There are 4 protein chains.
Amino acid sequence: MTVERSDESAEVDRTRGRREKRRLEAFSDGVFAIAVTLLVLEFKVPSTSGLPPGGLFEVLRGEWPSYFAYLLSFGTVLIMWVNHHVLLDYIREVDHAFLYLNGLLLMTITLVPFPTSLLARYADQKDAHVAAAVYCGLLTLIAIAFNLVWWYAAHRNRLLSTGHDGGGQAVTRRYMLGPLLYLVATGVAFFSVMAALLICVAMALFFALPYRPPGSQSRGG
Amino acid sequence: MTVERSDESAEVDRTRGRREKRRLEAFSDGVFAIAVTLLVLEFKVPSTSGLPPGGLFEVLRGEWPSYFAYLLSFGTVLIMWVNHHVLLDYIREVDHAFLYLNGLLLMTITLVPFPTSLLARYADQKDAHVAAAVYCGLLTLIAIAFNLVWWYAAHRNRLLSTGHDGGGQAVTRRYMLGPLLYLVATGVAFFSVMAALLICVAMALFFALPYRPPGSQSRGG
Amino acid sequence: MTVERSDESAEVDRTRGRREKRRLEAFSDGVFAIAVTLLVLEFKVPSTSGLPPGGLFEVLRGEWPSYFAYLLSFGTVLIMWVNHHVLLDYIREVDHAFLYLNGLLLMTITLVPFPTSLLARYADQKDAHVAAAVYCGLLTLIAIAFNLVWWYAAHRNRLLSTGHDGGGQAVTRRYMLGPLLYLVATGVAFFSVMAALLICVAMALFFALPYRPPGSQSRGG
Amino acid sequence: MTVERSDESAEVDRTRGRREKRRLEAFSDGVFAIAVTLLVLEFKVPSTSGLPPGGLFEVLRGEWPSYFAYLLSFGTVLIMWVNHHVLLDYIREVDHAFLYLNGLLLMTITLVPFPTSLLARYADQKDAHVAAAVYCGLLTLIAIAFNLVWWYAAHRNRLLSTGHDGGGQAVTRRYMLGPLLYLVATGVAFFSVMAALLICVAMALFFALPYRPPGSQSRGG
């Protein structure tokens, strides 16, 4: 009898866990969507007074670091959004701790507009390497948060759907590249801003590639 | 016959109440997501002219009150979002008055970015205690709104799902701690900013802990 | 045979119309949620230099027009959100024109933060009546858009669910009060800012009251 | 046996593709909703000091380029939102590449507030043609992104629902007008700002009209 009630109560928890997962998806999608849209606020309309000889066109052309920073940040957050989907795809249900770890990840995502503006404004200044290090540093934090979310869910298949047993470890190895290489980029930023940002671009492209671990359900045949 | 039609009409109301609950969840999630994402606008890119000898790095290091205020506010709103979920989990359906009480709660949540910026800017000023009191004061208002929402729903089990009879009172006692201790923090702010903010941090941690009242459905076995 | 295929194609349209309704709800909820959350950007952190003798406290106390404008706008938009729900509750499906009329309504809603800031900044200035007239003028436009949306849907029961036949006309009469009284408030603003804003407060309270037209489904017994 | 498992795995992929479609819709709706709501931040409250003789009213009247730019941008993004719905209506499921192409489209959409502000501020300046060209240039990019999304999905009916075979090519021809005419507008902007903007208005109206290609499912009878 006790066992039966336990089963029932576990079932109630599981149903709640699945419903919570849907709301977590919606909340996360909202945060990603807003973070990505706020990036446009970085662009400031140039003052109509005191324009250079080339006028507005020359001013806008001189803003190329802003455009580059915008493209890199939008692309990176978009790719993270796709990866967040893939990650949640492996997950059966969420629990209390997962909500907070995911919240930590979202916090690092919402911070992206600040280092983006910093990078845009300081790209052609003496302190460009500080701005680039802060930028790469935040990407390192995002990657660490991503790994924490994944490790927590994948540890002893705590929250994973069945059928991902073989794939889980491959995903773990793949995600681990994030913190390592972004940390390298942060260090490189003090020597070469360009090299640090190239690592960020390369990482974005790497994580943009579709990936399915060996042994996952949809690798039939 | 009259009774039957009454029953039917009550059923229609209940179906509407449950559909309304889903849309209220989506709207609330949206407001929480946006409030939490707007916090990043607090961070201002330092002007490239007039940097101190230590350059951008020194300026960013001096901004620690901003980082602390950001972390505290993001954490607090995230924890409130989780608690809002837990609260709605107890609720079967919503009615007209509930929509407005929940709207009052959302209003206090959307205000968070303002005292956060205030605290960040004034933390190292003579008027830090005013900024901290405003900050704690808003958290008090949020906690009061939370209690109003809960009291309204729990009064004579007005909107609660069945199976929470025993647990309801425990939740009531737990929630009541919010307004009381945040009010204490508001008073303490006039004497010690540090002590007031420590209470806020402690409250956040307390409400972050998972909680299930005795007698709730999922406490089987 | 032709008739049958026509029926089928009408059925496809109706299914699409109902799915479109759900997405329209989600989009509208998003716009309402963002408009309401952006209102907080109206509050500016006072500069730490040049504070009056009373310090930060005196400055914040002097900002009461901001707080009033914020409360009025948040309340009004929240009430409009609830009424938008009630309106959509009557509606069975949406069509192309409805999407655009609803878009017009959303446009007027997203404008709310601007006159709110205007009112807050000019409330204690010589030109307060201009700011109040712009504020009431926008509310008039919102109310007109609301009526257009409703008239379009209710005309010959174009998009209404069944069972609202009697109620539709009562709703029409009730909504018509909006443009009329907000227009009066706009005119009154040129003579008395206070009187104009009192009309806005009264209107908000009036539309906040729950309402179910006579003859609606859920008025059984 | 191998074939069977392949079928099963294809089925799993298809289910995932349909679920992904729903989340893509929600994310896209969020980005559209935020981009459209951020447009209001373009309006700046005039400083209370240094008003012209006509006071606040004269200042607000002088801001007509802002109102025009706001209306044009809100209308254009709203119409694009509706067209995005129609496009997704043709689509059965989404794949990895589609997520990124749609992300590219969303990126161009989130940029809209910047050229809108630029146009508003420079409309009565010597450099108005540069601002108008940037504005039309972004609309060209949006239209190109729209076409990429569509071409990718429609190529050999890769992601289309069945029953749109005849209609697909008509849609392709219709969408192609976008990049072509917006590019013309971009060129025209250097000679006549007014003419360029008139093309944008005309394009908005053209794409606002409901459209169903010949041979689509709901054209029965």
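A crossing of two helices is called left-handed if the near helix is turned anticlockwise from the far one by less than a right angle, and right-handed if it is turned clockwise. The structure above is a predicted model, in which local features need pLDDT of at least 70 and side-chain atom pairs count only at pLDDT 80 or more, while totals for chains, interfaces and linings use all residues. Residues are numbered from 1 along each chain as its sequence is written, and chains are lettered from A and ligands numbered from 1 in the order in which they are written.

**Exercise 1. Describe the secondary structure and burial of chain A.**

Step 1. Helices (H or I, at least four residues) and strands (E, at least two) are DSSP runs, numbered from the N terminus. Counted in this way, chain A has eight helices and zero strands, and its pattern along the sequence reads α-α-α-α-α-α-α-α.

Step 2. A residue is buried if 20 or more other C-beta atoms lie within 10 Å of its own, exposed if 12 or fewer, and partly exposed in between, with C-beta atoms placed from the backbone. Of the 221 residues in chain A, 44% are buried.

Step 3. Two residues are in contact if their C-beta atoms, placed from the backbone, lie within 7 Å. Among the contacts in chain A with a separation of 6 or more, 79% join residues that are 24 or more positions apart.

**Exercise 2. Determine how helix 6 and helix 8 of chain D pack.**

Step 1. Two packed helices are described by the angle between their axes and the distance between the axes. Axes are lines fitted to C-alpha atoms, for helices over the stretch in contact, and angles run from 0 to 180 degrees between N-to-C directions.

Step 2. Helix 6 (residues 128-154) of chain D and helix 8 (residues 193-208) of chain D have axes 10 Å apart, at an angle of about 20 degrees. Helix 6 of chain D is therefore roughly parallel to helix 8 of chain D, given that angles under 35 degrees count as roughly parallel, over 145 as roughly antiparallel, 65 to 115 as roughly perpendicular and the rest as oblique.

Step 3. The crossing of helix 6 of chain D and helix 8 of chain D is left-handed. On the helix 6 side of chain D, the contact is made by A128(D), H129(D), A132(D), C136(D) and L139(D), and on the helix 8 side by V193(D), A196(D), L197(D) and C200(D).

Step 4. Ala, Val, Leu, Ile, Met, Phe, Trp, Tyr, Cys and Pro count as nonpolar, Asp, Glu, Lys and Arg as charged, and the others, Gly among them, as polar. The contact of helix 6 with helix 8 of chain D accordingly has eight nonpolar, one polar and no charged residues.

**Exercise 3. Work out the burial of helix 5 of chain D and its packing with helix 6 of chain D.**

Step 1. Helix 5 (residues 113-122) of chain D is mostly covered, with 10 of its 10 residues buried, including P113(D), F114(D) and R121(D).

Step 2. The axes of helix 5 and helix 6 of chain D come within 9 Å and cross at roughly 160 degrees, and the two helices are therefore roughly antiparallel to each other, with a left-handed crossing.

Step 3. P115(D), L118(D), L119(D) and Y122(D) in helix 5 of chain D meet residues of helix 6 of chain D, among them A128(D), A132(D) and Y135(D). The residues of this contact divide into 10 nonpolar, no polar and no charged.

**Exercise 4. Are P179(B) and L180(D) buried, partly exposed or exposed?**

Step 1. P179(B) lies in helix 7 (residues 165-188) of chain B, and because P179(B) has 19 C-beta neighbours inside 10 Å, it counts as partly exposed. Residues up to four places away in sequence aside, P179(B) touches T140(B), A143(B), I144(B) and N147(B).

Step 2. L180(D) lies in helix 7 (residues 165-188) of chain D, and with 11 other C-beta atoms within 10 Å, L180(D) is exposed. The C-alpha atoms of L180(D) and I144(D), which are 36 residues apart along the chain, are separated by 9.1 Å.
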